[in-house]
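Thank you for making room for this on the agenda. I would like to walk you through one structure, going from the overall fold down to a few local details, so please have it open in front of you.

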Amino acid sequence: MLTFEEARRKAIEEVGKRKGPRATAVVSVWDALGLVLAQEVKTDREYPPFDRSTRDGYAVGSKKTAPGAQLRCVGEIKAGDTVRETLSPGTCLQIMTGAAVPAGADAIVMIEQTSREGDLVRFERAAQPGQNIVPRGSEAAAAQTILTPGMRLGYAELALAAQVGAVRLHCAQRPRVAILSTGDEVVLIDETPGEFQIRNSNSVSLAAQVRIAGGEPVVLGNAADRTEDLGEKIERGLKEDALLLSGGVSMGKYDLVENVLKAMGAEFFFDAVAIRPGKPAVFGICQGKPVFGLPGNPVSTMVTFELFVAPAIDLLSGAEARALPFVEARLAEALNEKPGLAHFLPARVEWRARAPEVKALKWQGSGDIAALAKANCFLVVPEDKGSIEAGENVSVLMRKDVV
Ligand code: AMP
Ligand code: MG
């Protein structure tokens, strides 16, 4: 049985081998959040385009300042003003944040470090050359590449594109990810379940996780635990870029997913991982498409998505697989879990006095969605370490959607 790191590497390797170039589309910078860039973006000029003041204060020649020195203020420069004159020796100019520093000035003194009577400005201390000035071109040169293909567009990347006027961007199209739940007991979420039936919550969590990972969910509903129904719906799912199944991968008599996939020509790379929840997770390639058979218990489905499916969606999006968002935290209460499996326990991490501290939440096992809805992370108990004392450091896998 593979560890979760091995299984994850395997999924990344196999999906990585097969990914082709993505189709692209031109997208407005307003709509491109989370997409993967498929072009270079270059600056249209130097940044900053002029020597920029970073403070409200006075533009001075630093040599003319000293504790108690006084200079006559001969005018002001606002952000956006055209600045062509040179500062006359022995004078200063009032200047605002974001304004261009005039020639002849080599420092900006914050207004808080001055006092003023009429036109005379008195300085508390000597200014250092260059202080509070961002020199022209120091952030980026003209025609410099600032964004490259494969980068994911977050708010900073989008702002950078907007700054240089790249308002329409060639982006990779989101991979389409089919989602098929399985189980005779599962009804669609807008149906009323019978006494012993349950609503299809997995398709909802999976669709949300696919979106967060950068994919386009294609929800195919539910397949009964019957070979023919599974076969037909899997066939449909294989038309998309990847297929996710929930349920039907354990040892039960009606867990048919693996057999049906096998009959359709799937090659499997793992069908069990040393984790709890999520041990029966399956990954294979079927008719050229990555297929993940995720265990049906809701928390297992969610955990195995994060570990194995999210990096595959990164690759199918034209990006690198992102690392898992682990954080180190101090364990608040001792833990005792069965060794041999890595446990992912619903937990809350809090930043007390800035140092993260984590506590596992009470839960009823991998069907307990309510426990996970109270959690902001999974506490990771490594496979080789069942008991952990309070005060020890543990790894915590952050939930990407609520933190
Ligand atoms: P399975 O992996 O098919 O053995 O299912 C494990 C558990 O997860 C069972 O209690 C199922 O009823 C439950 N389950 C399976 N599919 C879903 C689903 N789509 N939504 C919510 N719970 C599910
Ligand atoms: Mg089932």
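I will begin with the whole chain, then turn to the sheets, and finish with the backbone and the interior.

Please keep in mind throughout that what you see is a predicted model. The protein chain has seven helices and 28 strands. Its radius of gyration is 29 Å, well over the 22 Å that the globule rule gives for 403 residues, so the chain is more spread out than a compact globule. If you turn the C-alpha trace along its principal axes, you will find that it spans about 90 × 50 × 40 Å.

Let me now take the sheets, starting with one that also carries helices. Six strands, in the order β16-β13-β17-β21-β20-β18, make up an open sheet with mixed pairing. At its edges are β16, residues 216-223, and β18, residues 267-270, each of which pairs on one side only. Neighbouring strands here are turned by 20° against each other on average, if direction is ignored. Within this sheet, strand β13, residues 176-182, runs parallel to β16 and is joined to it by six bridges, and you can find the register by looking at V177, which stands opposite P217 in β16.

Helix α1, residues 4-18, packs on this sheet and touches β18, β20 (282-286) and β21 (289-294), with a direction that makes about 145° with that of β18. Helix α3, residues 201-213, packs on the sheet as well, touching β13, β16, β17 (242-246) and β21, and its direction makes about 165° with that of β16.

A second open sheet, again of six strands and with mixed pairing, has the order β7-β4-β6-β5-β9-β8. Its edge strands are β7, residues 107-110, and β8, residues 114-117, and each of these pairs on one side only. The twist in this sheet averages 40° from one strand to the next. As an example of the pairing, strand β4 (residues 57-60) and strand β6 (residues 91-95) are antiparallel over three bridges, and Y58 has Q94 in β6 as its bridge partner.

Next, I would like to spend a moment on β24, for which I can list several pairings. Which way do β24 and strand β19 run relative to one another, parallel or antiparallel? Strand β19, residues 275-276, and strand β24, residues 342-352, run parallel and are joined by two bridges, with I275 opposite A342 in β24. With strand β26, residues 377-381, β24 runs antiparallel, and five bridges join the two; here P346 has F378 as its bridge partner. Strand β25, residues 355-360, is also antiparallel to β24, through six bridges, and E350 is partnered by E357 in β25. β24 and β25 form a hairpin with two residues between them, and in that turn A353 has a positive phi of about 45°.

That brings me to the backbone, where a word of background may help. Most residues other than glycine have a negative phi, and most peptide bonds are trans. Against that background, N132 has a positive phi of about 60° although it is not a glycine, and N132 is found in the loop between β9 (120-123) and β10 (133-134). A143, likewise not a glycine, has a positive phi near 60°, and A143 sits in the loop between β10 and β11 (145-147).

Where should you look for the cis peptide bonds that I want to mention? One joins Y47 and P48, with omega about -10°, and P48 belongs to the loop between β2 (41-42) and β3 (52-53). Another runs from R276 to P277, with omega near -5°, and P277 lies in the loop between β19 and β20.

Finally, let us look inside. How many cavities of 30 Å³ or more does a search of the whole structure find? The search finds one, and about 40 Å³ of space lies in the largest cavity. The residues lining the largest cavity are G34, L35, V36, R152, A172, Q173, R174, P175, G214 and S317. Sorted by class, this lining has four nonpolar, four polar and two charged residues.

Note on methods
Residues are numbered from 1 along each chain as its sequence is written. Chains are lettered from A and ligands numbered from 1 in the order in which they are written. This is a predicted model: local features need pLDDT of at least 70, side-chain atom pairs count only at pLDDT 80 or more; totals for chains, interfaces and linings use all residues. Side-chain values use heavy atoms; hydrogens and water are left out. Two strands pair if DSSP finds at least two bridges between them. Helices (H or I, at least four residues) and strands (E, at least two) are DSSP runs, numbered from the N terminus. On a 1 Å grid over the protein atoms alone, a cavity is a set of points where a 1.4 Å probe fits but cannot get out, and a pocket is an open set with protein on both sides within 12 Å along at least five of seven lines; lining residues have an atom within 4 Å of a point. Grid points are joined across faces, edges and corners, and a volume is the space filled by probe spheres set on the points. Ala, Val, Leu, Ile, Met, Phe, Trp, Tyr, Cys and Pro count as nonpolar, Asp, Glu, Lys and Arg as charged, and the others, Gly among them, as polar. Axes are lines fitted to C-alpha atoms, for helices over the stretch in contact, and angles run from 0 to 180 degrees between N-to-C directions. Contact means heavy atoms within 4.5 Å. The radius of gyration is taken over C-alpha atoms; the globule rule is 2.2 Å times the number of residues to the power 0.38.
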